[in-house]
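User: I'd like a close look at one part of this model: the helix that runs from residue 140 to residue 149. Which of its residues are buried, and what do they pack against?

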Amino acid sequence: PTNLGTGMRASVMLHLPALQKSGAINSLSQNLSKLGLTIRGLYGEGTKPKGAIYQLSNQITLGISEETAIANLKNIATQIAAQEEAMRQNLLQSPDIQDALSRSVGMLKYCRVINHAEAVELLSNLRFALAVEMIDGINIADIDALMEKIQPANILLGGGVATPEERDKKRAEIIHEALRGL
């Protein structure tokens, strides 16, 4: 039934580390469902967020036009981004948050082996630190590209499939190289 009407599912990806760290995601999710929207993990329905990256999409496709669905999604995404920005500034006052962001940079720069889950979490923290201008030396688009590059399926060695241990080592090398100037 959710695919009746236009059948169009529009979505936007949002990086929401501050809302996640503050615990505000749960109430946000409940409020969004009342507006005909849903927020899910990075890979859609039934997935958990990785690196505080969420997918916001419309649930209602019956009785509204495609234009209305997209306008509503854009409006709500803009409001969520504003909430995230305000929460980032609030959280940044905490020495514990500052320390966690700084430690993430150090761990990424000097790791020699790192699994995918840890790498995504640490890169999310690095992205957060860049967004609040706590550090510089690399841009957010480069971090986004790095997150894609370190996906397990993207790490091949010698033209073949790598073992998890080989991928973890290669992932650390890729990250180390990308953050060399940081």
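Analyst: Of the 182 residues in the protein chain, 40% are buried, and this is a predicted model, so read everything below as a description of that prediction.

Some quick bearings before we zoom in. The chain has seven helices and five strands, arranged along the sequence as β-α-α-β-β-α-α-α-α-β-β-α. Its C-alpha trace spans about 55 × 45 × 25 Å along the principal axes. If you count contacts with a separation of 6 or more, 65% of them join residues 24 or more positions apart.

Now to your helix, α6, which covers residues 140-149. Its buried residues are I143, L146 and M147. They all sit on the same side of α6, because they take up an arc of only 105 degrees around the axis. As for what they pack against, the partners are β3 (53-58), α5 (116-131) and α7 (164-178).

The N-terminal end of α6 has a cap, and the residue doing that job is N139. One of its side-chain oxygens lies 3.1 Å from the backbone nitrogen of A141.

Just upstream, the loop between α5 and α6 holds E133. Its phi is near 60 degrees, which is positive even though the residue isn't glycine. Most residues other than glycine have a negative phi. E133 counts as exposed, with 70% relative accessibility. Compare A52, in the loop between β2 and β3: its phi is near 60 degrees too, but A52 is buried, at a relative accessible area of 2%.

Back to α6 and the interior. α6 is one of the elements that give two or more residues to the largest nonpolar core, along with α4 (95-110), α5 and α7. That core has 23 residues, and those with the most contacts inside it are L108, I114, L123, L126, I150, I175 and L179. The largest share, six residues, comes from α5. In soluble globular proteins, nonpolar side chains tend to be buried together.

I175 is a handy place to see how α6 ties in. Leaving out residues up to four places away in sequence, I175 touches L146, one of the buried residues of α6. I175 also touches L108, I114, A119 and I150.

There's a second, separate core as well, with 15 residues, L14, L28, Y54 and L73 among them. L28 brings us to α2 (residues 25-34), which makes a useful comparison for your helix. The buried residues of α2 are I25, L28 and L32. These line one face of the helix, since they fall within an arc of 55 degrees when seen down the axis. The face turned away from that buried side carries the exposed residues N26, Q30 and K34. Cover for the buried residues of α2 comes from elements including α1 (17-22), β2 (37-40), β3 and α3 (66-91). So β3 turns up in both packing lists, for α6 and for α2. After α2 comes G36, with a positive phi near 85 degrees.

To return to your question: I143, L146 and M147 are the buried residues of α6, and they pack against β3, α5 and α7.

Notes: Residues are numbered from 1 along each chain as its sequence is written. This is a predicted model: local features need pLDDT of at least 70, side-chain atom pairs count only at pLDDT 80 or more; totals for chains, interfaces and linings use all residues. Side-chain values use heavy atoms; hydrogens and water are left out. Buried means under 20% relative accessible area, exposed over 50%, partly exposed in between (1.4 Å probe, protein chains only). The arc is that of the directions from the helix axis to the C-beta atoms. Contact means heavy atoms within 4.5 Å. A polar contact is a pair of N or O atoms within 3.5 Å; within protein, one must be able to donate a hydrogen and the other to accept it, and residues adjacent in sequence count only if both atoms are side-chain atoms. A nonpolar core is a set of buried Ala, Val, Leu, Ile, Met, Phe, Trp, Tyr and Cys residues joined through side-chain atoms within 4.5 Å.
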